[in-house]
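This briefing introduces one protein model and the molecule bound to it. Please look at the sequence and the structure below before reading the points that follow.

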Amino acid sequence: MRDTQHRARKRFGQNFLHDQNIIQRITAAISPQEGEHLIEIGPGKGAMTQSVLEYIERMDVVELDRDLIPILTDRFADQITIHNTDVLKFDFCQARHNDQPLRVIGNLPYNISTPILFHLMEQLACIKDMHFMLQKEVVERMAATPGNKDYGRLSIMLQYFCRVEKLFLVPPGAFNPPPKVDSAIVRLIPHEQPPVELESSETLSRLVKQAFSQRRKTLRNTLKGLLNDADFEACDVDASLRPEQLSLEQFARLANRYTEPHQ
Ligand code: SAM
């Protein structure tokens, strides 16, 4: 299929970047260096790919829409290795050469951006950094700090795994077709050392999900059945607080308490 014949598909979250200034600004933020191993999620017709390949000789791309594959092959030939598969099933660590850490980039399909982020959090040992375009609102949730209305499970879990840097906003007009929402570029750098001690990130995830299931209620209420007043006291956390008032460190203490045998 020729580039001009491909129609953007909503179910694949297809909004193709066309604003060259924005594309160059994103590439400058990524700053690809020769010899690095970059993998792009959802290259589409190759707007970002083209720009990145001005700096490095080759890269990998993961694209689900098989109608885009001939377009990518025509445009980039052997400069790219195409993985025509669902990124949620893609094993990033397997794609490495000689244990070289990966740089993952992508203008992500917004309908599955959170599952993609959590899929990547399981493979951080193979990843050096990540640069993504996401819905602005999602980036705000990822970067939010305690006390902020956007602070929640996504902020806590991602900040446990990575340093989250919100870089800049991208307006709908930079895409074709334009999405209904504003977008933003975010940089994620996996922590070398976890910022808090944690027995199990799954337990943290479960506890945080439960705590934010009713964000207006106190922790005593939402975590009833999981932690009692003595547990809160042992963790030095005030049970009358609402979840959005708690730091990652305080949530980690509660999660560790829950993991330990207690009563
Ligand atoms: N990078 C291109 C650009 O900026 O013009 C396209 C970005 S578009 C927002 C998202 C891309 O992700 C599309 O090419 C779409 O086909 C692809 N995609 C959607 N779901 C996917 C999945 N589960 N796995 C891999 N790619 C997917």
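**Ligand and domains in the predicted model**

In this predicted model, an N or O atom in the side chain of Asp86 lies 2.9 Å from a nitrogen atom of the ligand. The protein buries 98% of the 590 Å² that the ligand exposes when taken alone. The points below describe the surroundings of the ligand and then the division of the protein into domains.

**Backbone contacts with the ligand**

- Pro43 places a backbone N or O atom 3.3 Å from a nitrogen atom of the ligand.
- For Leu64, a backbone N or O atom is found 3.4 Å from a nitrogen atom of the ligand.

**The surroundings of the ligand**

- The ligand occupies the space of the largest pocket.
- Around the ligand there are 23 residues, of which Gln14, Leu17, Gly42, Glu63 and Asn107 are the closest.
- Sorted by class, this shell consists of twelve nonpolar, seven polar and four charged residues.

**The domains**

- Domain 1 covers residues 10-190, and domain 2 covers residues 201-259.
- Twelve residues from domain 1 and 14 residues from domain 2 take part in the contact between them.
- Taken over C-alpha atoms, the centres of domain 1 and domain 2 are 32 Å apart.

Note on methods. Residues are numbered from 1 along each chain as its sequence is written. This is a predicted model: local features need pLDDT of at least 70, side-chain atom pairs count only at pLDDT 80 or more; totals for chains, interfaces and linings use all residues. Side-chain values use heavy atoms; hydrogens and water are left out. A residue is near a molecule or strand if one of its heavy atoms lies within 4 Å of it. A polar contact is a pair of N or O atoms within 3.5 Å; within protein, one must be able to donate a hydrogen and the other to accept it, and residues adjacent in sequence count only if both atoms are side-chain atoms. Accessible areas come from the Shrake-Rupley method with a 1.4 Å probe; for residues, only the protein chains shown count as cover. On a 1 Å grid over the protein atoms alone, a cavity is a set of points where a 1.4 Å probe fits but cannot get out, and a pocket is an open set with protein on both sides within 12 Å along at least five of seven lines; lining residues have an atom within 4 Å of a point. A molecule sits in a cavity or pocket if more than half of its atoms lie within 2 Å of its grid points. Ala, Val, Leu, Ile, Met, Phe, Trp, Tyr, Cys and Pro count as nonpolar, Asp, Glu, Lys and Arg as charged, and the others, Gly among them, as polar. Domain bounds come from an automatic or database domain assignment. Contact means heavy atoms within 4.5 Å.
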